[in-house]
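Me: Please take a close look at one part of this model, the strand pairing and what lies around it. Then carry on to the helix packing and to any buried side chains worth placing.

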Amino acid sequence: MQLHTHAWGEGDRVALLIHGMMADHRTWRRVGPALADRGYRVIAVDLRGHGASGRGAYAPELYADDLAETLPAGAELALGHSLGGLALSLAVDRLRPSRAVFSDPAWHLPAPADGFGPELLAQFKHAPRERIRAMNPRWAEADVDIEVETLALWDERTALGLSSLTGTDLLPAAPVVPSLVQLADPSALIPPERAELLESRGFEVRCVAGAGHTVHRDDFEGFMSSLEGWV
């Protein structure tokens, strides 16, 4: 599937941005311009089932195939958040960026517990603005507005497509290219023991103190600072 894309900048260096579940390219509203100011031509996708991209079957391998079909190979930087990090890890051998950054990637989806699972995640499509604001107290109002808009476009069946992966170890065996794993504090997806395992496999791991899962929205300055040496 050819995905909808949005670009910032006209630099000679190329950076790729891949959002997480429920979002679209607008989640990068501050990151895209910041990278463009550093000389990048930044390309952000809408994953299938999100934003202006098409709908269809949903599985991590399909997201990865879409990335390989849509994005240029050989970019200087590729950055994926959450589901976007999982998709990037499955496409990185084809995209072959010089460097990859995985922001709180969905490499271990907790098994359903206490009633929480893909079905409940799908129900978040109908979350009112007040709930989004309460769950994300550090977000700017513009990000809350964007979340409301992206939820309206989001196909909640993407959440159900992850049902078979809950409780499964999806951590890569080794980095395909030099790779940074950026974590929330704490990370519900990559707890300390898994972070140590990733380090032993050759990934650099950095934590953004106090940041929630969507690091770039929770603490933009901390997010950018943690990328020093990688962007």
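Reply: What follows goes from a strand to a loop residue, then to a helix pair and a residue in another helix. The model is a predicted one.

Start with strand E3, residues 40-45. This strand is mostly covered, five of its six residues being buried. Two other strands pair with E3, and they do so in opposite senses. Strand E1, residues 5-8, runs antiparallel to E3 and is joined to it by four bridges. In that pairing, Ala 7 stands opposite Ile 43. Strand E2, residues 13-18, is parallel to E3, with five bridges between the two. Here Val 14 has Arg 41 of E3 as its bridge partner.

The loop that follows E2 leads to helix H1 (31-37), and His 25 is found in this loop. Is His 25 buried or exposed? The relative accessibility of His 25 is 12%, so it counts as buried, the cut-off being under 20%. Setting aside neighbours within four places in sequence, His 25 is in contact with His 4, His 6, Trp 8, His 19, Ala 44, Val 45 and Asp 46.

Next comes the helix pair. Two packed helices are described by the angle between their axes and the distance between the axes. For helix H2 (residues 60-70) and helix H3 (residues 83-95), the angle is about 55° and the axes are 8 Å apart. That makes H2 oblique to H3. The crossing of the two is right-handed. On the H2 side, the residues that meet H3 are Pro 60, Glu 61, Tyr 63, Ala 64, Asp 65, Leu 67 and Ala 68. Their counterparts in H3 are Leu 83, Leu 86, Ala 87, Leu 88, Leu 90, Ala 91, Arg 94 and Leu 95. Sorted by class, this contact has 12 nonpolar residues, three charged and no polar ones.

Arg 94, one of the H3 residues in that contact, also serves as a reference point for Asp 143. The two are 49 residues apart in sequence, and their C-alpha atoms are 32 Å apart in space. Asp 143 has its place in helix H6, residues 141-153. With a relative accessible area of 4%, Asp 143 is buried, because the cut-off for that is under 20%. Which residues does Asp 143 touch, not counting those up to four places away in sequence? They are Arg 29 and Arg 217.

Conventions: Residues are numbered from 1 along each chain as its sequence is written. This is a predicted model: local features need pLDDT of at least 70, side-chain atom pairs count only at pLDDT 80 or more; totals for chains, interfaces and linings use all residues. Side-chain values use heavy atoms; hydrogens and water are left out. Axes are lines fitted to C-alpha atoms, for helices over the stretch in contact, and angles run from 0 to 180 degrees between N-to-C directions. Angles under 35 degrees count as roughly parallel, over 145 as roughly antiparallel, 65 to 115 as roughly perpendicular and the rest as oblique. A crossing is left-handed if the near helix is turned anticlockwise from the far one by less than a right angle, and right-handed if clockwise. Contact means heavy atoms within 4.5 Å. Ala, Val, Leu, Ile, Met, Phe, Trp, Tyr, Cys and Pro count as nonpolar, Asp, Glu, Lys and Arg as charged, and the others, Gly among them, as polar. Buried means under 20% relative accessible area, exposed over 50%, partly exposed in between (1.4 Å probe, protein chains only). Two strands pair if DSSP finds at least two bridges between them.
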